Amino acid sequence: MKPYPIPRGSSPLLSRVDTTDPVVFITIDDGLVRDPRVAQLLADHGATATLFLNSGPIRLDPGYFVPFLWIGGSINTHTSHHPHLRGLDFNAQRKEICAVVQQIDKVYGGNGGYFRPPYGEWDRTTLAAAASCGVRAVLLWKETMADGQIRTQGSKPIQPGDIVLLHFRTDLYDNLTALFAQLDLQGLSVARLEDYLPAA
Ligand SMILES: [Zn+2]
């Protein structure tokens, strides 16, 4: 593994962005089911997405994710093997996180610079390991979508600044369609997460 400089400290952890702009952020994880209509659907709604991928889908089908870059999206690490990170030692966590950072650099010529821990599970070691891989922020989420339904935390509706989690699964197209309908009702649009987070 190519050595990265190890910065001191920890990557910050965020599940929403502090903004009053009427925007939310779409994130899509894993990469297992790759529906060819998804990047176009985002583009048709003037939207983009921040992707968090494991190494397998990038290796198997690198070209699938390129159109997401064309529409302003970014590709970021979600670990090589999707483990439960909590409790693993620094080197084990670092290896899982950094390996995909390097893979993305190699395949796409640049990495988005963010990290999402599998299952949203993390500990203090995770934040230090992420920082050591050059990760600028560890991103969780406020809403998830499954079977065309938005699941918010508690009873609150989707709020400006929220990060929405979706997955590359068979229901992704329908989930995005339902999400866009809800955002229209609330007068919200989708912004590019990178425009609201600290740059490299
Ligand atoms: Zn995942």
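Start with the whole protein chain, coloured by confidence: the mean pLDDT is 93, and 94% of the residues reach 70 or more. This is a predicted model. Now select residues 1–6, where the pLDDT is below 50. Beyond near neighbours in sequence, this stretch has 9 contacts in the model. Where pLDDT is low, the predicted coordinates should not be read in detail.

**The whole chain**

Switch to a cartoon view. The protein chain contains 6 helices and 10 strands. Its radius of gyration is 16 Å, close to the 16 Å that the globule rule gives for 200 residues, so the chain is as compact as a globular protein of that length. Turn the model to look along each principal axis in turn: the C-alpha trace spans about 45 × 35 × 30 Å. Of the 200 residues, 40% are buried. Among contacts with a separation of 6 or more, 73% are between residues 24 or more positions apart.

**Helix α4**

Select residues 90–108, which form helix α4. How far apart are its end C-alpha atoms? They are 27 Å apart, and this agrees with the expected span because 19 residues at 1.5 Å a residue should cover 27 Å. Show the side chains of Q93, R94, E96, I97, C98, V100, V101, Q103 and I104, the buried residues of α4. Then add what these buried residues pack against: β3 (50–53), α2 (55–60), β4 (74–77), β5 (114–115) and α5 (124–132). Move on to G109, just after α4, which takes a positive phi of about 70 degrees.

**Helix α5**

Next select residues 124–132, helix α5. Its buried residues are T126, L127, A129, A130, A131 and S132. The elements that cover them include β1 (13–14), α4, β5 and β6 (137–139). Centre the view on A130. Which residues does A130 touch, leaving aside those up to four places away in sequence? They are S11, I97, F115, V135 and V138. Just after α5 comes G134, with a positive phi of about 85 degrees.

**The nonpolar core**

Keep A130 and I97 selected, and add V135 and V164. These four touch the most other members of the largest nonpolar core, which has 49 residues. Helix α4 gives the most to this core, with 5 residues. In soluble globular proteins, nonpolar side chains tend to be buried together.

**Strand β9 and its partners**

Select residues 163–167, strand β9. Is β9 mostly covered or mostly open? It is mostly covered, as 4 of its 5 residues are buried. Add strand β2, residues 23–30, which pairs with β9 in the parallel sense over 5 bridges. To find one of the pairings, look at F25, whose bridge partner in β9 is I163. Then add strand β7, residues 143–146, which also runs parallel to β9 and is joined to it by 2 bridges. Here E143 has V164 of β9 as its bridge partner. V164 was also selected at the previous stop, as one of the residues that touch the most other members of the core.

**Last stop: P67**

Select P67, which lies in helix α3, residues 66–70. Is P67 buried, partly exposed or exposed? P67 counts as partly exposed because 15 C-beta neighbours lie inside 10 Å, while a buried residue needs 20 or more and an exposed one has 12 or fewer. Finally, add V38: its C-alpha atom is 9.5 Å from that of P67, although the two are 29 residues apart along the chain.

Note on methods. Residues are numbered from 1 along each chain as its sequence is written. This is a predicted model: local features need pLDDT of at least 70, side-chain atom pairs count only at pLDDT 80 or more; totals for chains, interfaces and linings use all residues. Two strands pair if DSSP finds at least two bridges between them. The radius of gyration is taken over C-alpha atoms; the globule rule is 2.2 Å times the number of residues to the power 0.38. Two residues are in contact if their C-beta atoms, placed from the backbone, lie within 7 Å. The expected span of a helix is 1.5 Å times one less than its number of residues. pLDDT is the predictor's confidence in each residue, from 0 to 100. A nonpolar core is a set of buried Ala, Val, Leu, Ile, Met, Phe, Trp, Tyr and Cys residues joined through C-beta atoms within 7 Å.
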